[in-house]
Amino acid sequence: MSTSSVPRPESAAAPSRPVRPPTLPWIARRRMPEGALPALALFAAVRFAGILVVILANGVRGHPLVKSLAHSWDSRWYLHIAAHGYGDKIWISPQGAVQTDWAFFPLYPGLIRALSTILPFTPGQAALLISWIAAGVAAYGVYVIGHHLYGRGVATALVALWAAMPHSVELTIAYTESLFAALAIWSLYCVLKRRWLWAGVLAALAGLSRPSGFAIALAVSLAAGYEALRQRGRVPVSLWAGAVLAPLGWLGYVLWVGTQTGDLLGGYFKVQSAWDSRFDFGLGSARFVKALLLHGGGAVYPVALVIVAVGVLLFALLCLERAPLVLVVFAGVLVLLVVGGSGSFSSKPRFLLPAFPLLIPMARALVRTWRVRPAHAVVVYSGLTAASLLFGAYVTAVAHSPL
């Protein structure tokens, strides 16, 4: 009888299972969720249209077509730091305050310098490329979080609304909002997926990109603490590592500025005070509202007030949505910093740009409208998009208010 079909015992020397090749990191291995590409295409189309409208506005006014994208307000400081480092530039304000470049966090200018060194780009071109790539990465993060929590429809609406926020033009100019948003959003996703070490690393990098990095550091640390409390301390070491890492970027830069000024703990905050940027529990905001009501102001300031007020309302609705704690804390801290902080009110709307969880109630409402009356949803979103494009062009190419 032939024994060719009879199973034979494996040799003792043979491995029990095939040897697998090394696996890629989890971010590289994860599959793109369904519907992500159309949502990202919509985001890119809206923001590209925003750039074209800015260029058109510059052309109508006789300005350089693209200069305002890379050389507006704070952009000049980032480009100067990228070219010359810190401690090389000061500005004396009309009130006599000495404003220094230490107010600007180092990650964005560091990336500009690195990219313009290794590639044939000017610092301005490198700055825009970083912002555009980061905006795309952030939009994908918004979609992934929305898909994870609510499904394809709400995820698409979230990305669409984020592209059409009134101040979303600042995702595509040489500012830090898109870089900070990309790092913070993916840190939030890592918390939702319980990947604590990655969450801490990304939060630390976000803390090196701008002052509001404090928000993501606090959100990650509080979420880790709540998880440890919920699990009665039976949590992996990576959770504690992520919680410790999260604030190190922001804290490290604040302390470094303190060593440069000779005041370790208070130096950075004195630097910010020279820019009239400090947390005054809303006194500055109250004075602004009073002055606006009594004396009026340019178009930018009433719109900024409406945007901030809507942000507060959306945060209340987000709390009623029972969204995950880490999203509520992140958005809540950003809203608190905007309402309770001093400084130019025209800049406050862009500080809310990374707070995409505020859009969750709107996204869910838009999806419900789409299912019942799609034409109504299209009209509403078209109106929001048109307003965003026009307002973005106005603040970038026409208005003289700080961005």
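These are my notebook entries on aromatic pairs, cysteines, helix packing and a few single residues in a predicted model.

**Ground rules**

I am working with a predicted model, where local features need pLDDT of at least 70 and side-chain atom pairs count only at pLDDT 80 or more, while totals for chains, interfaces and linings use all residues. Residues are numbered from 1 along each chain as its sequence is written, and side-chain values use heavy atoms, with hydrogens and water left out.

Helices (H or I, at least four residues) and strands (E, at least two) are DSSP runs, numbered from the N terminus.

**Entry 1: aromatic rings**

I began with the rings and found 20 aromatic pairs in the structure. Rings of Phe, Tyr and Trp (its six-membered ring) pair if their centres lie within 6.5 Å; planes under 30 degrees apart count as stacked, over 60 as edge-to-face and the rest as tilted.

I looked up Tyr86 and Tyr253: their ring centres are 6.0 Å apart and their planes stand at 40 degrees, so this pair is tilted. The two residues are 167 residues apart and link distant parts of the chain, with Tyr86 in the loop between helix H4 (74-84) and strand S1 (90-92) and Tyr253 in helix H12 (residues 248-261).

For burial, I used relative accessible area: buried means under 20%, exposed over 50%, partly exposed in between (1.4 Å probe, protein chains only). Tyr86 is partly exposed at 24%, and Tyr253 is buried at 4%.

Next came Phe288 and Tyr301, whose ring centres are 6.0 Å apart with planes at 45 degrees, so I noted this pair as tilted. Phe288 sits in helix H14 (residues 283-295) and Tyr301 in helix H15 (residues 300-320), 13 residues apart. Phe288 is buried at 16% relative accessibility, and Tyr301 is partly exposed at 24%.

I also noted one aromatic cluster, formed by Tyr86, Phe105, Tyr253, Trp256, Tyr268 and Phe269.

**Entry 2: cysteines**

How many disulfides are found in the whole structure? My search gave 0 disulfides, with a disulfide taken as a pair of cysteine sulfur atoms within 2.5 Å. I checked the accessibility of two cysteines as well: Cys190 is buried, at 0% relative accessible area, and Cys319 is partly exposed, at 36%.

**Entry 3: helices H7 and H18**

I then turned to helix H7 (residues 152-163) and helix H18 (residues 360-372), whose axes come within 8 Å and cross at roughly 120 degrees. Axes are lines fitted to C-alpha atoms, for helices over the stretch in contact, and angles run from 0 to 180 degrees between N-to-C directions. Angles under 35 degrees count as roughly parallel, over 145 as roughly antiparallel, 65 to 115 as roughly perpendicular and the rest as oblique. H7 and H18 are therefore oblique to each other.

Their contact (heavy atoms within 4.5 Å) is made by Gly153, Val154, Ala157, Leu158 and Leu161 of H7 and by Ile360, Met362, Ala363, Arg364, Leu366 and Val367 of H18.

I followed Ala157 of helix H7 a little further. Ala157 is buried, with 7% relative accessible area. Leaving aside neighbours within four places in sequence, Ala157 is in contact with Ala363, Leu366 and Val367. I also noted that the C-alpha atoms of Ala157 and Gly146 are 8.9 Å apart, with their positions 11 residues apart along the chain.

**Entry 4: helices H10 and H16**

H10 and helix H16 (residues 325-340) pack at about 150 degrees, with axes 8 Å apart. They are therefore roughly antiparallel. On the H10 side I listed Phe214, Ala215, Ile216, Leu218, Ala219, Val220, Leu222, Ala223 and Tyr226, which meet Leu325, Val326, Val329, Phe330, Val333 and Leu334 in H16.

**Entry 5: helix H4**

Which residues of H4 are buried? I found Asp74, Ser75, Trp77, Tyr78, Leu79, Ile81 and Ala82. Their cover includes helix H3 (67-70), S1, strand S2 (98-100), helix H5 (107-118), helix H6 (123-150) and helix H17 (348-351). Just after H4, Gly85 has a positive phi of about 80 degrees.

**Entry 6: positive phi outside glycine**

I looked up Arg232, a residue other than glycine, and its phi is positive, near 55 degrees. Arg232 is in the loop between helix H10 (213-230) and helix H11 (237-245), and is exposed at 71%. Asp276 also is not a glycine, and has a positive phi of about 55 degrees. Asp276 lies in the loop between helix H13 (267-274) and H14, and is partly exposed at 38%.
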